[in-house]
Amino acid sequence: DGSRTNLKKNIKIFDKNIKYIHFPSSLYKRLYYSIKLIKTKYVMLGCDDEFYVSSSLAKCVKFLLLNKDFVSCTGRAISFNFKNNSIIANNIYPLLKNRKLIHSDPNKRIEKHFSNYEQGHLYAVSETKIWKIAAKTVFSKEYNFYAAWELQFEYLLPFSKKSLVLPNLLWLRSKENEPIRDTSPSMSFSNSFSNWWTKKRYLKEKKIFIKSMKLACKRLNKITKNKNLPEIEKAFEIINKDYMSNLHYLKKDFFYPLYKIVYYTYRYTPYLKKLIQ
């Protein structure tokens, strides 16, 4: 819990395996701290706005136990909200359907994953010793673009081993409250990956990023006995091209400053927001 108030007295713990930890700090510091707390063979990063189907979690663990050449296993997801006395549900992450990365070449797995990108590893049940190497790399430094930690996990885990998405419903995400944003660079929409990847002012940080990712892959290769070298630049260039091809024209070129003015005026002006709604 990274909030200022310690809620231990307000929370009733129903199981001895559940631990509440108050650690008022940044997201990166909290998640880096969590690495040393994990003692189990498998790990999953779970969010506070989600509920998990225990039978599907068990199937993921069973699959990984029986398939040692896989690093992670996950399932499908839906979101839900409560409006006008009805429960509204939606299929989220639709591209997870029938998704599997099983090529023997890790760079081929990454290429397939990034060419038709969908978050499929960040919240997956994963092998702890692999996850910890990725987590130490990711949470030791925050980079100045949105969803930095997601993209790093989505590269490092499938680079290490194969991965699979089961057809089972695994988690349900609540849309009843707005997600927390703008608390740090990687949690803010203000700087996209594509902008960070292509602008000269981020060149030094980009080099640090690539070097760090290559070092993490080297550590992963020692565990997996893989001899393939990572193709970091090639992989993230795929993400960049995909982002630009799907970018609305109002967010491109000379339109972009105007778009940002309108967006942030709307976002941070309550009266205007109510008027538009």
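**Packing of α4 on α7 and the salt bridges**

The crossing of helices α4 and α7 is right-handed. This description rests on a predicted model. Two packed helices are characterised by the angle between their axes together with the distance separating those axes. Here, α4 spans residues 128-139 and α7 spans residues 203-224; the two pack at an angle of about 165°, and their axes lie 10 Å apart. Because angles over 145 degrees count as roughly antiparallel, α4 is assigned as roughly antiparallel to α7.

On the α4 side, the contact is formed by Lys129, Ile130, Ile133 and Thr137. These residues meet Ser212, Ala216, Arg219, Leu220, Ile223 and Thr224 of α7. By residue class, the contact of α4 with α7 comprises 5 nonpolar, 3 polar and 2 charged residues.

Electrostatic pairing was examined next. The structure contains 6 salt bridges. One of these is formed between the side chains of Asp69 and Lys162, with an N to O distance of 3.2 Å. The pair joins distant parts of the chain, its members being 93 residues apart: Asp69 is located in the loop between α2 (54-66) and β3 (70-83), whereas Lys162 belongs to strand β7 (residues 162-174). Asp69 has a relative accessibility of 37% and therefore counts as partly exposed.

A further salt bridge involves helix α7, the partner of α4 in the packing described above. In this bridge the side chains of Glu233 and Lys214 meet at 3.7 Å, N to O. Glu233 lies in helix α8 (residues 232-245) and Lys214 in helix α7; the two are 19 residues apart, and the pair again links distant parts of the chain. The relative accessibility of Glu233 is 38%, so this residue counts as partly exposed. Lys214, at 35%, is likewise classed as partly exposed.

The side chains of Lys234 and Glu231 also meet in a salt bridge, with an N to O distance of 3.7 Å. Lys234 shows a relative accessibility of 49% and counts as partly exposed; the exposed class would require a value over 50%. For Glu231 the value is 35%, which means that this residue too counts as partly exposed. In addition, Glu127, Lys129 and Lys161 are joined into one network by salt bridges that share partners. Lys129 thus appears in two settings: in the α4 contact with α7, and in this salt-bridge network.

Note on methods: Residues numbered from 1 in each chain as written. Predicted model: local features only at pLDDT ≥ 70, side-chain atom pairs only at ≥ 80, totals over all residues. Heavy atoms only, no water. Axes fitted to C-alpha atoms, helices over the stretch in contact; angles between N-to-C directions. Helix = DSSP H or I, 4+ residues; strand = E, 2+ residues; numbered from the N terminus. Parallel < 35°, antiparallel > 145°, perpendicular 65-115°, else oblique. Left-handed = near helix turned anticlockwise from the far one by under 90°. Contact = heavy atoms within 4.5 Å. Nonpolar A, V, L, I, M, F, W, Y, C, P; charged D, E, K, R; others polar. Salt bridge = Lys/Arg side-chain N within 4 Å of Asp/Glu carboxyl O. Buried < 20%, exposed > 50% of the residue type's maximum accessible area, 1.4 Å probe, protein only.
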